[in-house]
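Q: Before we look at any particular pocket, could you show me how to read the features of a model one by one, with the general idea and then the case at hand?

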Amino acid sequence: MEHIAVFRMSAMGDVAISVPVVTAFSEQYPDVKITYLTRPLFAPMFSHLPNVEVFTPELNGKHSGLIGLYKLYKELKAKGIQGVADIHNVLRTNILKFYFKGSKIPFKQINKGRREKYALTRYKFKVFEPLKPSFQRYADVFAALGFPIDLSDDYLLPPTPLSEPVENLLNGSDLHIGVAPFASYVSKQYPFDKMCQVIEKLSERYPNSKIYIFGGGKEEEQKVAQIQLPNTENMVGKLSFKQELELISHLDIMIGMDSGNGHLSAMYGVPTITLWGVTHPYAGFYPYGQPMENALLADRTKYPLIPTSVYGKKYPKGYEKAIETISVEMILEKVEQILNVL
């Protein structure tokens, strides 16, 4: 088997978690080509791997519906795909599995562990214990295809070469701090006014630093624009995704939520502090390669039903405030602790 396809078509954080696994695969099986099906935005994550090609299905165009997915199957087959690692396992990929089955091309899918995740997040008879990390679930799919991956070493990406705009951003400061204050659900997002306090205190404590604030979209850009400090940079909408990765890879530390930016910085081995509300690292989505002590967790003595869901979408009334049990000082102390050992 010399050419396999990998399906992971959405969710930046999940794609980022897969990068160390694909990197390990590429190093351990350099003669096997990978066609990775995902959004074109995510292609720069794999630019360091010569045997990985990113292919973007037109899921709202020629590859939509049953007929469109059949066309996609035919295109992949024409590329010489000899096996499929489905690390997404959604309706579309299950339809593709049916098509590939007819050609007797091996098609292995991720076991998402839905039963144990339900046991972890249910309100009654909760089973509060750590589950298999997502990166290991991804590696299990490759193993099922006949490619066991040794993950005993950390497969972290080196800092990426800098383009001129990013190099200019980094010049003139001794310490580079990233802050990603947003998340997809309010239950996973630290109150913005408190995060502003964190940024202000960091600006005072580390006057020779530069603090880069990440986000996306007009609403987040307007919020970040409220922060007017001499050593802060509003990065929302300022760089391409490729350039953002360049910047993130050269940070000294990142502060984020249980969301995509924390996974991006973790890819590069950047010390990453993550803040957790109604979700919890036990669900398996902890940033790759980060020590668990870099996670600041909501107080489960006050909010004992945590985790209430895997992604933060579901929670009892009042639990959206759970993340507020993480104090501003706790964040600042963790930053100081990490920077003191750099």
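A: By class, the lining of the second largest pocket holds 10 nonpolar, seven polar and nine charged residues, where Ala, Val, Leu, Ile, Met, Phe, Trp, Tyr, Cys and Pro count as nonpolar, Asp, Glu, Lys and Arg as charged, and the others, Gly among them, as polar. This is a predicted model, in which local features need pLDDT of at least 70 and side-chain atom pairs count only at pLDDT 80 or more, while totals for chains, interfaces and linings use all residues. Residues are numbered from 1 along each chain as its sequence is written, and side-chain values use heavy atoms, with hydrogens and water left out.

Q: How is such a pocket found, and which residues lie nearest the centre of the second largest pocket?

A: Rolling a probe the size of a water molecule over the atoms shows where empty space is left. On a 1 Å grid over the protein atoms alone, a pocket is an open set of points where a 1.4 Å probe fits, with protein on both sides within 12 Å along at least five of seven lines, and lining residues have an atom within 4 Å of a point. Of the 26 residues that line the second largest pocket, Arg114, Lys117, Phe285, Val310 and Tyr311 lie nearest its centre.

Q: Which helix gives the largest share of that lining?

A: Helices are DSSP runs of H or I with at least four residues, strands are runs of E with at least two, and both are numbered from the N terminus. Helix 4 provides the largest share of the lining of the second largest pocket, four residues.

Q: What volume does the largest pocket have, and what lines it?

A: A volume is the space filled by probe spheres set on the grid points, which are joined across faces, edges and corners. The largest pocket contains about 770 Å³ of space, whereas the second largest has about 550 Å³. Its lining, that of the largest pocket, comprises 29 residues, with Met12, Gly13, Ser184, Ser259 and Gly260 nearest the centre. Helix 1 (12-28), helix 9 (241-249) and helix 10 (260-267) each supply at least two lining residues, and helix 1 gives the most, with four. By class, the lining of the largest pocket divides into 14 nonpolar, nine polar and six charged residues.

Q: What share of the protein chain is buried?

A: Buried means under 20% relative accessible area, with a 1.4 Å probe and protein chains only. Of the 342 residues in the protein chain, 54% are buried.

How values were computed. Buried < 20%, exposed > 50% of the residue type's maximum accessible area, 1.4 Å probe, protein only.
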